[in-house]
Amino acid sequence: MKRTLKYAILGLVHKEEMSGYDITSQFKQEIGQFWSAKHSQIYPELKRLTDEGLIEYRTSITGAKLEKKLYCITAKGTQELTEWLLSPKELPETEKDEFMLMLYFSAAIPKEESKRLFEDQIAKREEKLEYLYESRKSLQRLDENHQVPGSGQFGHYLVLSRAINREESYITWLKETLSLFEE
């Protein structure tokens, strides 16, 4: 079984030293645009990666007594990450989209309720799109070279631009489909 979470964590700690909390936060922010992982998955994976010699940690004391582990990648971990990055990838399985599943069975509810589902989804996706636009502005302020291949923020730029494209396309489709309810 492929452990994709392994590579996500290796990639994060390759960028910079991070605590488990920092890693979990990344799955709620940047990485959350295309991959998800829960706290309950991340910490056991950190232990496995440490046991495998792919990452290591140092203990940092903050405040009076608070200890936290700061993880960094090892040479073996860097090699493993590089091999994964250079390997050809298969097309992913179909993404799970609960809204689409609901639409597939929407004949079971009245037309007005289906219309309401579309309106609700448009509002939520437009809110998400605004968040993505703000993230793009923040990225531009952080690194003026973010669109240059090889720059430190280029990967973030690619993922963010794809997320914006995805949401814009989804909203366009939702609005076009919603117009069918007006006919």
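1. At 24% relative accessibility, Trp84 is classed as partly exposed, and this is a convenient residue with which to open a note on this predicted model. Tyr7, by contrast, is buried, its relative accessible area being 13%. Because the limit for a buried residue is under 20%, the value of 13% places Tyr7 in the buried class, while the 24% of Trp84 does not.

2. A search of the whole structure yields 8 aromatic pairs. One of them is formed by Tyr7 and Trp84, whose rings are stacked with 4.7 Å between the centres and 5 degrees between the planes. Tyr7 belongs to helix H1 (residues 4-15) and Trp84 to helix H4 (residues 75-86), so that this pair, 77 residues apart, links distant parts of the chain.

3. Helices H1 and H4 are also joined by charge. The side chains of Lys6 and Glu80 meet in a salt bridge, 2.6 Å from N to O. Since Lys6 lies in helix H1 and Glu80 in helix H4, the salt bridge ties together parts that are 74 residues apart in sequence. Lys6 is buried, with a relative accessible area of 9%, whereas Glu80, at 22%, is partly exposed.

4. Helix H4 also contains Gln79. This residue is partly exposed, with a relative accessible area of 48%. Between the C-alpha atoms of Gln79 and Leu54 there are 8.9 Å in space, and the two residues are 25 apart in sequence.

5. Which residues touch the most other members of the largest nonpolar core? They are Leu10, Ile23, Phe27 and Ile42, in a core of 20 residues. Two or more residues of this core come from each of H1, helix H2 (20-28), helix H3 (39-51) and strand E3 (66-73). Helix H1 gives the largest share, 7 residues. As a general matter, nonpolar side chains in soluble globular proteins tend to be buried together.

6. The surroundings of Phe27 merit inspection. Neighbours within four places in sequence being left aside, Phe27 is in contact with Leu5, Ala8, Leu12, Gly32, Trp35, Ser36, Ala37 and Ile42. Apart from the largest core lies another core, of 9 residues, among them Leu117, Ile122, Tyr170 and Leu178.

7. Tyr170 recurs in the aromatic description. Together with Phe99, Phe118, Trp173 and Phe181, Tyr170 forms one aromatic cluster. Arg125 lies over the face of Tyr170, at 3.6 Å from the ring centre. A further case of a charge over a ring involves Lys69, whose charged end sits over the ring of Tyr57 at 4.6 Å from its centre.

8. Arg125 also takes part in a salt bridge: its side chain meets that of Glu167, with 2.9 Å from N to O. Glu167 lies in helix H7 (residues 154-179) and Arg125 in helix H6, so the pair ties together parts that are 42 residues apart in sequence. Are the two residues buried or exposed? Both Glu167 and Arg125 are buried.

9. A salt bridge within one helix may be set beside that pair. Lys124 and Asp120 form a salt bridge in which the closest N and O atoms are 3.0 Å apart. Both residues lie in helix H6 (residues 111-142), 4 residues apart, about one turn of the helix. Lys124 is exposed, at 51% relative accessibility, and Asp120 is partly exposed, at 33%. Because the exposed class begins over 50%, the 51% of Lys124 meets that condition, while the 33% of Asp120 does not.

10. How many salt bridges does the structure hold? The number is 14. Besides the pairs described above, Arg3, Glu45, Arg48 and Glu52 are linked in a network of salt bridges.

11. The strands complete the description. Strand E2 (residues 55-62) runs antiparallel to E3, and 8 bridges join the two. Across this pairing, Arg58 stands opposite Leu70 in E3. The hairpin of E2 and E3 has 3 residues between the strands, and in it Gly63 takes a positive phi near 70 degrees. Strand E1 (residues 18-19) also pairs with E3 in the antiparallel sense, over 2 bridges. Met18 stands opposite Tyr71 in E3.

Notes: Residues are numbered from 1 along each chain as its sequence is written. This is a predicted model: local features need pLDDT of at least 70, side-chain atom pairs count only at pLDDT 80 or more; totals for chains, interfaces and linings use all residues. Side-chain values use heavy atoms; hydrogens and water are left out. Rings of Phe, Tyr and Trp (its six-membered ring) pair if their centres lie within 6.5 Å; planes under 30 degrees apart count as stacked, over 60 as edge-to-face and the rest as tilted. Buried means under 20% relative accessible area, exposed over 50%, partly exposed in between (1.4 Å probe, protein chains only). A charge sits over a ring if NZ of Lys or CZ of Arg is within 6 Å of the ring centre and within 35 degrees of the ring normal. A nonpolar core is a set of buried Ala, Val, Leu, Ile, Met, Phe, Trp, Tyr and Cys residues joined through side-chain atoms within 4.5 Å. Contact means heavy atoms within 4.5 Å. Two strands pair if DSSP finds at least two bridges between them. A salt bridge is a side-chain nitrogen of Lys or Arg within 4 Å of a carboxyl oxygen of Asp or Glu.
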